[in-house]
Amino acid sequence: MILLTGFEPFGEDDVNPSWLAARRAAGLLDSEGIAVEAVQLPCVFGESGTVLTDAITRVNPDIVLCAGVAGGRGRISLERVAINCDDARIPDNKGQRPIDEEVIRGGPAAYFSSLPIKAALRALQVAGIRGEVSQSAGTYVCNHVFYALMHALASRPDIRGGFVHVPYLPEQLPDGSPTPSMPLELMAEGLAVIVRTTLHTQADVKMSAGAIR
């Protein structure tokens, strides 16, 4: 069983590509006979983690892939590490703006994704979909959910999970904008590629995908 999540719209945007991509990827995987459920998360500190962990309890998945949008990035970013820090530059959808607070009080400083992120990156490249390994999921609600996910899975080693960021959709940007984007069909296929790779990969591969800074 696969659990996919994306976020509701936030800020000035009336759509969130992460939810649209998660929902479409669920349809692709379902058409291949893979049991999957997609859940939309609120863009709210605290509440988003609760909705996610409740879904994990209800669905009892083998794999959890959470997605969020990172405007300005041009690739599907496979996030490597979640940190125990909420530090919001803007308020969430309920006006909360935590600064220098822990996601989980007393929790570890960080958790690493348990997805085979290098194998998934290679699979994205083979499929012709732009991808990268990212060393930071930020300190907004995306990182909050990523950390909450890995904290929940720390006691459930039978479940593998992680987080990815997707770019803006082309239609979210004004004509001629230099900001990178990606069509929804490619985003959805990218999420499906990551799930398929995880299903068939027990040990990750070694390949260069680090960052200089």
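# A quick tour of the fold

With a relative accessibility of 0%, Cys66 counts as buried. That's a handy way in, but keep in mind that you're looking at a predicted model. The protein has five helices and eight strands, and buried residues make up 50% of its 213 residues. Here's a walk through it, topic by topic.

**Overall build**

- Start at the N terminus and the elements come in the order β-α-β-α-β-β-β-β-α-β-α-β-α.
- The radius of gyration is 16 Å, close to the 17 Å that the globule rule gives for 213 residues, so the protein is as compact as a globular protein of that length.
- Along the principal axes, the C-alpha trace spans about 45 × 40 × 35 Å.
- Take the contacts with a separation of 6 or more: 78% of them are between residues 24 or more positions apart.

**Surface and charge**

- The accessible surface adds up to about 9,900 Å², and carbon and sulfur atoms account for 51% of that.
- There are 18 positive and 24 negative charges, and the mean positions of the two groups sit 7 Å apart.

**Cysteines**

- A disulfide is a covalent bond between the sulfur atoms of two cysteines.
- How many disulfides does the structure hold? The count is zero.
- Cys43 is in no disulfide, and its nearest cysteine sulfur, the one in Cys142, is 7.0 Å away. A disulfide needs the two sulfur atoms within 2.5 Å, so that pair doesn't qualify.
- Cys66 is in no disulfide either: the nearest cysteine sulfur, again that of Cys142, is 9.6 Å away.
- Cys43 has a relative accessible area of 2%; buried means under 20%, so Cys43 is buried.

**Helix α3 and Gly131**

- Helix α3 covers residues 117-126, and its buried residues are Ile117, Lys118, Ala119, Ala120, Leu121 and Leu124.
- What do those buried residues pack against? Their partners are β4 (76-79), β7 and α5 (184-199).
- After α3 comes Gly128, which has a positive phi, near 75°.
- Gly131 belongs to strand β7, which covers residues 131-134.
- Is Gly131 buried or exposed? Its relative accessibility is 8%, so Gly131 counts as buried.
- If you ignore neighbours within four places in sequence, Gly131 touches Arg75, Ile76, Leu121 and Leu124. Leu121 and Leu124 are also among the buried residues of α3.
- Gly131 and Phe10 are 121 residues apart in sequence, and their C-alpha atoms are 24 Å apart in space.

**Loop residues worth a click**

- Asn60 sits in the loop between α2 (47-59) and β3 (63-69). Its phi is positive, near 50°, even though the residue is something other than glycine.
- The relative accessible area of Asn60 is 45%, which makes Asn60 partly exposed.
- Where is Asp100? Look in the loop between β5 (81-83) and β6 (110-112).
- Asp100 isn't a glycine, yet its phi is positive, at about 55°.
- Exposed means over 50%, and Asp100 has a relative accessibility of 58%, so Asp100 counts as exposed.
- Arg156 lies in the loop between α4 (141-153) and β8 (160-166), and at 26% relative accessibility Arg156 counts as partly exposed.
- In sequence, Arg156 and Asp62 are 94 residues apart, while their C-alpha atoms are 9.9 Å apart in space.

Technical notes
Residues numbered from 1 in each chain as written. Predicted model: local features only at pLDDT ≥ 70, side-chain atom pairs only at ≥ 80, totals over all residues. Heavy atoms only, no water. Helix = DSSP H or I, 4+ residues; strand = E, 2+ residues; numbered from the N terminus. Rg over C-alpha atoms; globule rule 2.2 N^0.38 Å. Buried < 20%, exposed > 50% of the residue type's maximum accessible area, 1.4 Å probe, protein only. Contact = heavy atoms within 4.5 Å. Areas by Shrake-Rupley, 256 points an atom, 1.4 Å probe, with all protein chains shown as cover. Lys, Arg positive; Asp, Glu negative; His and termini not counted. Charge placed at Lys NZ, Arg CZ, Asp CG, Glu CD.
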